[in-house]
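Okay, thanks for coming, everyone. Let me put the structure up, and then I'll walk you through some charged residues and a metal site.

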Amino acid sequence: MPFKTNDPSKKTWLSVPENSDFPIQNIPFGVFLTRDDIITIGTRIGDKAIDLGALHQLGYFNDIPLTEDIFLQDTLNDFISDGKKTWRLVRNRISEIFDQNNPELRDNEGHQKVVLFGMDEIEMQLPVQIGDYTDFYSSKEHATNVGMMFRDPENALLPNWLHIPVGYHGRSSTIIPSGTPVRRPKGQTIPKDSKQPIFGPSRLVDFELEMAFITTDANVLGEPISIETAEDYIFGLVLFNDWSARDIQKWEYVPLGPFLAKSFASSISAWIVTLDALEPFRVDSPVQEPEPLPYLQYTGKKSFDIALEVAITPENGTATTVCTSNFKYMYWTMAQQLTHHTINGCKVNSGDMMGSGTISGKTPNSYGSMLELSWQGTKPVTLNNGETRTFIQDNDTVTMYGFCEKDGVRIGFGEVSSKLLPVFEPKKK
Ligand code: CA
């Protein structure tokens with residue numbers, strides 16, 4: 001099934017603001033609550049959310065074999081499970097319906113009233129029921145920086161790192177949509193030069209600039225996915241802020257890796273941008289030396305040029321951009337991550353989510369966490385209002401942006417934005 005949605009010259013009859021992340025070439029998928037309190041699957045063009053459930057009921061998808069209620073759901077899991085052929089048929093059809101030369105919906109105001117919503121009339125929801133969440137650690141610069149700080153500057157990368165896309169199984173229960181505030185966690189930490197841990201609020205709450213991909217049903221138990229087919233099972237990507245408590249992490253992570261330092265909250269952007277929409281932005285990823293084992297070797301371009309930014313907004317202040325990075329800096333590609341994940345026969349389901357790991361580049365302004373930007377608190381970052389930050393303070397809002405740009409077309413992810421609230425204190429009786 002070919003897809004014809006990426007033509008840069010394609011225009012829509014909907015108005016799209018300049019520099020919008022959502023031109024007619026994007027067509028992402030999300031789930032939202034409408035002004036009538038109905039939950040539906042939708043897409044977005046410009047500043048209009050489009051109710052795909054309503055479009056389907058009005059017969060706009062009659063030529064595509066879809067079940068009647070495929071869009072009248074509170075998650076995308078069933079739609080994703082239908083596979084790449086269906087995703088393409090639906091995106092091709094949406095592209096056709098909103099093409100400036102197509103009068104079908106353009107000249108039908110009655111239908112438009114049912115199908116189109118302003119962004120202020122809807123409430124975005126978590127787009128998928130995430131069954132399993134895995135987080136990788138695939139930026140060489142990030143792994144090197146953390147290794148230098150937490151372990152040994154001379155041997156920052158552990159011996160396995162250049163051979164394995166290192167990862168761990170995280171918790172899906174604490175993945176939340178953009179806009180949901182996050183509580184500062186409490187936990188055990190170890191004071192400097194002490195052998196006795198203490199308990200209390202984390203003092204080193206951090207963001208991690210990541211992207212995450214969402215899979216469809218990929219394999220049956222016991223059967224690996226090959227590197228050649230891995231991308232067929234990736235539905236799309238979101239921005240991902242993997243909130244982390246560095247002081248809790250430092251004490252707990254040996255020998256099994258992160259636990260409570262990472263499971264208090266992870267925030268994702270609301271719209272899933274498909275791999276098809278990102279097709280024009282493919283680029284080479286960093287050269288892998290030493291050569292990976294044969295099951296991880298691939299040909300072609302399997303990375304994407306996605307510009308990433310992180311801003312901190314203090315309470316009653318304006319936003320300061322603290323980091324500018326790019327998805328293409330990732331050493332291990334998504335195809336390698338998914339292939340490695342299933343090489344032992346591990347089953348991957350529709351709606352599973354895989355985080356990239358913090359995406360840091362080579363220059364200090366491209367580091368994807370406060371841990372690295374402030375170099376473990378030794379180099380405070382100055383905000384627009386003159387305040388400084390080494391980690392995230394109560395009531396700070398952290399916002400991440402991501403977009404691709406080429407041939408006059410900008411495909412973006414919107415944002416993932418969340419505010420850090422003070423630690424939870426139970427009410428006294
Ligand atoms: Ca992470």
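Let's start with K262: at 8% relative accessibility, this lysine counts as buried, where buried means under 20% relative accessible area, exposed over 50%, and partly exposed in between, with a 1.4 Å probe and protein chains only. Before I go on, the small print: this is a predicted model, local features need pLDDT of at least 70, side-chain atom pairs count only at pLDDT 80 or more, and totals for chains, interfaces and linings use all residues. Residues are numbered from 1 along each chain as its sequence is written, and side-chain values use heavy atoms, with hydrogens and water left out.

So which residue forms a salt bridge with K262? It's E208, with the closest N and O atoms 2.7 Å apart; a salt bridge here is a side-chain nitrogen of Lys or Arg within 4 Å of a carboxyl oxygen of Asp or Glu. E208 lies in the loop between β12 (205-206) and β13, and K262 in the loop between α7 (246-252) and β16 (266-268), so the pair ties together parts that are 54 residues apart in sequence. On naming: helices (H or I, at least four residues) and strands (E, at least two) are DSSP runs, numbered from the N terminus. Salt bridges with shared partners join D206, E208, R246 and K262 into one network. E208 is buried too, at 3%.

E208 also has a second job on my list: the calcium ion is coordinated by D135 (OD), E208 (OE), E210 (OE) and D242 (OD), at 2.2 to 2.3 Å. Donors are N, O and S atoms within 2.8 Å of the metal (3.2 Å for Na, K and Ca), and water is not among the atoms, so sites may look incomplete. Along the sequence, the donor spacing reads D-x72-E-x1-E-x31-D. D135 sits in strand β6 (residues 133-136) and E210 in strand β13 (residues 209-215), so that pair ties together parts 75 residues apart in sequence. Buried or exposed? D135 is buried at 2%, and E210 is buried at 0%.

Back to salt bridges: the count comes to 21. One of them joins K186 and E425, at 3.8 Å, N to O. K186 lies in strand β10 (residues 186-189) and E425 in the segment after β26 (409-421), so this pair ties together parts 239 residues apart in sequence. K186 is partly exposed at 37%, while E425 is exposed at 51%.
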